[in-house]
Protein chains: 2
Amino acid sequence: MDSKQFKEAAFSSIEEIVKYYDNIEDRPVLSTVEPGYLRKLLPADAPEEGESWADIQKDIEDKIMPGITHWQSPNFLAWFPSSSSFPAMLGEMYSAAFTGAAFNWVCSPAVTELETIVLDWLARGLGLPPCFHSTGPTGGGGVIHGTASEAVATVVVAARDKYLREATAHLGLEGEELEDAIAERRGRLVALAGASAHTATKKAAQIAGVRFRSVPAGPGDGHRLTAAALRDAVATLRARGLEPFYLTATFGTTDTCAVDDMAGIGGVLADDAAAHGREVWVHVDAAYAGAALLCPEHRALMSAAALARFHSFNTNLHKWLLVNFDCSGVWVRDRTLLTRALSVAPLAILANAHTDSGLVTDYRDWQIPFGRRFRSLKVWFVLRSYGLAGLRAHVRRHVALAEGFADRLRGRADLFEIVTGPRFALTVFRVRGKGEEGEGEEQEVRNARTKRVYDEVVEGGKMFLSSTVVGGVFAIRHNPATPMVQEHHVQKHFEVLVEAAEKVLAAEGA
Amino acid sequence: MDSKQFKEAAFSSIEEIVKYYDNIEDRPVLSTVEPGYLRKLLPADAPEEGESWADIQKDIEDKIMPGITHWQSPNFLAWFPSSSSFPAMLGEMYSAAFTGAAFNWVCSPAVTELETIVLDWLARGLGLPPCFHSTGPTGGGGVIHGTASEAVATVVVAARDKYLREATAHLGLEGEELEDAIAERRGRLVALAGASAHTATKKAAQIAGVRFRSVPAGPGDGHRLTAAALRDAVATLRARGLEPFYLTATFGTTDTCAVDDMAGIGGVLADDAAAHGREVWVHVDAAYAGAALLCPEHRALMSAAALARFHSFNTNLHKWLLVNFDCSGVWVRDRTLLTRALSVAPLAILANAHTDSGLVTDYRDWQIPFGRRFRSLKVWFVLRSYGLAGLRAHVRRHVALAEGFADRLRGRADLFEIVTGPRFALTVFRVRGKGEEGEGEEQEVRNARTKRVYDEVVEGGKMFLSSTVVGGVFAIRHNPATPMVQEHHVQKHFEVLVEAAEKVLAAEGA
């Protein structure tokens, strides 16, 4: 494909993509193919000779599209959104054009420098305390990782190494003796997260080779990690001779968008550090809800002062902030805590005066992978195209849509009961039953009913939501934070739910 | 930006990108900006109100381009290539359009299924033994990671957990007792790699919390890891009570494209497993040179039979195989070794009948991150656009260009001496001096002379190469495996080198 053919192919692809977005609502939101569908459609081997773009492009609609779940459809309300915007798509185009491995500054200085700048822009926009800015007092700064789980794995490794370095410094050992001492101590370390936190922390502990404990956070606490529960967990571990070194605090849990007690957590861990002489690293996982921090009215649950006591923070710009997947912004209070854990003596072929000068950032030492894409470009395009005001309006529009949805549920209290929310545009609800006014019904019966309604809706194909189980309650999650969702879509979602609930209840009565 | 505005912006961006590729040769290949250049050009804060695409696009040429090192320039000969192709760029466009987090099969079945299929296509194209095919006898298969370092980190974690699971199985423990036993044993584990291997293994060991040892591989062994060196290293560790559990064997080392003694390594580790009852996981890192396996004439250094004794293999399709960064193909002989180490009990909101059925692949359990992009699309487009014959021709063309370059060096044996190669299109050479025919010159003097020539060339801005130090020899690396390099470029590279060498030698004589 020469550049002339590429231009034609690219124009044709853009036309197809525009059509796809213009008509996305007409497609069934959830793919209904059976496992193994694609192998039946494709040859067993790669072609020996090249094929024309026209032949390839045709297969996108015929063979790929049936296996696509349309995350940008206004009827996609599942999990959390993975938002798309046209400016971000342009960013991906230029990023692919400038492709390179970009493992150090000299690989393409713009890749590194734009990343530092847009993450500073965001840090200020989100109201993060100055310690998280690259220009801040503690040598902090931001980096783009792929996903929140990559961010959590990375900071668990950094936290583990910080702890072990500090815990063995007084021994005055080096070489294999130091290695032995670290290995012995490493075996006692425990990473913590609230029971409502994402499984990313458990996986990160598996990756880093440390123990993991989940701290209870149930319905009585609003599904949030409380100071009391954390204090108990830490005391239990210490009594066993184990050493908590890391905690994920969640701003917007996966199931219900609960926010852990940030001020309380900071207090408990300050007491613990004073008593034991060694601090626990706190990472705030705000993968989805972090976007809401653009709006001052959402900052009450985590003040800048509370956050400034913690070590790292991440929010996925690809969730609610219109930057196409993947793009997780990660900020640390002290960047040397990442680079000390993740840098290795560089290869001879990487030698360059800029790295030696210490004046530049080599982001490979802030992450697990070696090379990196030019992801800041799409962030820059989005921030400039929307402006901070536009992004705040984007978040507030979704929050208002969710309020409207919750009002509709409340208006049919005969059918629905809100379990949590609306919070950060997420409403978690269940279906009521005719006979349960007196609370005489078993939870199992209620759960089965809500599950029937959920299945009815998803199998109907008009919308795609997630279900969950929180505190023993089977519930449906409605999150309209996908860019294209409008008021009339939410009304339609509600109508589909009412219809399904009435059908299930009628069948029960029959 | 609505879809009509996007279409205009995208067409205009495509025009710019085509112009960029058509004229890339005219740009200075290496960016010469000073550290901090971009902060001076951009505002301190994100704009409050949105800006027009025209204003944003203008800044790409004015502000970003000066900070870009042009990896696709035919004068980019540094490190290894990070190749670009127009079909892969179309793949990125569609991938961005279908954006989603794709952490399990139902997120978009096509994302998972196309990945499995194209990696099977490649496994067959590369001549990998059937155990690495998803349809093979041992339940293997492929997955796309971002980079080779991510692949290595992932398999080190999987290898560590396999070893610990097997080493503690006979104890009959569970719960905290099992955890204690694993923690104790984990402290003895050692990951290994040859001294010429990429630093990714050392970093992976840091991430996984295990020890690391580099096994000597010097000029006397052709910079490759030999059976004898490995046997010695393993014996030394065992004598200390440490337990080697993992080895990276390299097919094409970073400095010189050396290939470790694959058959010999397999033999040593088979003996070791027989003696100690526990096998060492071998991962083959073929990050760059793996592409050459498409051509049967490059398979002699690693037979399928030798590879079949090992556990995992990766090659970066973004290096030599025309798939834009990032895209590392990773194959394992037994996929349960990844999923057992990397899966965690899924969140309630991920529950779906397909995952429960066990019939589908949830690739999140084959990798560190949770979500994933639709990267198989660009692989599919490249494989179909070029065909296997086209890709083989692509590799052979570069190998021939390097042979021609080496012939030119040999034709000026008064100026240049080849240190290693050409091998997989990489030639490593140094500058001769007038007075050294009798080997009377110190290495330091020779090294300084080659460094002067290297600096002269790179500062001249006409081409960008890497230098390295191998076995104490400072040498220049020439790797013309970037797609646009043609015969006349290689001739020009040679002329620039001759001119610089003659200038430096003349200055010495003056």
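# Two chains, their contact and their salt bridges

Reader: In this predicted model, is B:Arg211 buried or exposed, and what is its relative accessible area?
Author: The model is a predicted one, and a residue in it counts as buried when its relative accessible area is under 20%. B:Arg211 falls below that cut-off and is therefore buried, with a relative accessible area of 8%.

Reader: Which residue does B:Arg211 meet in a salt bridge, and how accessible is that partner?
Author: The side chains of B:Arg211 and A:Glu179 meet in a salt bridge, with 3.0 Å from N to O. The pair crosses between chains, for B:Arg211 belongs to strand β3 (residues 211-215) of chain B and A:Glu179 to helix α7 (residues 175-186) of chain A. The buried state asks for a value under 20% and the exposed state for one over 50%, so A:Glu179 counts as partly exposed, at a relative accessibility of 22%.

Reader: What rotation superposes chain B on chain A, and what relation is that?
Author: Chain B is superposed on chain A by a rotation of 180°, with 0.0 Å of shift along the axis and an RMSD of 0.0 Å. That rotation, without any shift, is the relation of a two-fold axis.

Reader: Which residue of chain B comes closest to the rotation axis, and through what surface do the copies meet?
Author: Among the residues of chain B, B:Ala208 comes closest to the rotation axis, its C-alpha lying at 2.3 Å. Of the interface residues of chain B, 100% are also interface residues in chain A, so the two copies meet through the same surface.

Reader: How many residues does each chain bring to the contact, and what area do the two chains bury between them?
Author: Chain B brings 150 residues to the contact, and chain A brings 150 residues as well. In chain B the residues that lose the most area to chain A are B:Phe6, B:Ile349 and B:Arg384, which together make up 6% of what that side buries. Carbon and sulfur atoms carry 64% of the area buried between chain B and chain A, the whole of which is about 13,300 Å².

Reader: How many salt bridges are counted between chain B and chain A, and which helix of chain B gives the most to the side that touches chain A?
Author: The count between chain B and chain A is 26 salt bridges, and A:Asp120 forms a salt bridge with B:Arg39, their closest N and O atoms being 2.9 Å apart. Across this interface there are also 82 residue pairs in polar contact. By class, the side of chain B that touches chain A has 76 nonpolar, 38 polar and 36 charged residues. With 15 residues, the element of chain B that gives the most to that side is helix α1 (residues 3-22).

Reader: Which residue of chain B forms a salt bridge with B:Asp272, and is that partner buried or exposed?
Author: B:Asp272 forms a salt bridge with B:Arg238, the closest N and O atoms being 2.7 Å apart. The pair links distant parts of the chain, since B:Asp272 lies in helix α10 (residues 262-276) and B:Arg238 in helix α9 (residues 227-239) of chain B, 34 residues apart. B:Asp272 counts as buried at 7% relative accessibility. The relative accessible area of B:Arg238 is 19%, so this residue too is under the 20% limit and is buried.

Reader: Where in chain B does B:Leu415 lie, and which residues does it touch?
Author: B:Leu415 lies in the loop between α15 (376-411) and β8 (416-423) of chain B, and it is buried, with a relative accessible area of 3%. Leaving aside residues up to four places away in sequence, the residues that B:Leu415 touches are B:Arg430, B:Val431, B:Arg432, B:Val498, B:Ala501, B:Glu502 and B:Leu505.

Reader: Which residue meets B:Arg432 in a salt bridge, and how accessible is that residue?
Author: B:Arg432 is buried, with a relative accessible area of 18%, and its side chain meets that of B:Glu417 in a salt bridge (3.8 Å, N to O). The pair links parts of chain B that are 15 residues apart, B:Arg432 being in the loop between β9 (426-431) and α16 (443-460) and B:Glu417 in strand β8. B:Glu417 counts as partly exposed, at a relative accessibility of 27%.

Technical notes:
Residues numbered from 1 in each chain as written. Chains lettered and ligands numbered in written order. Predicted model: local features only at pLDDT ≥ 70, side-chain atom pairs only at ≥ 80, totals over all residues. Heavy atoms only, no water. Least-squares fit on C-alpha atoms with pLDDT ≥ 70 in both. Contact = heavy atoms within 4.5 Å. Buried area = accessible area lost by both parts, 1.4 Å probe. Salt bridge = Lys/Arg side-chain N within 4 Å of Asp/Glu carboxyl O. Polar contact = N/O pair within 3.5 Å; in protein donor to acceptor, adjacent residues only side chain to side chain. Helix = DSSP H or I, 4+ residues; strand = E, 2+ residues; numbered from the N terminus. Nonpolar A, V, L, I, M, F, W, Y, C, P; charged D, E, K, R; others polar. Buried < 20%, exposed > 50% of the residue type's maximum accessible area, 1.4 Å probe, protein only.
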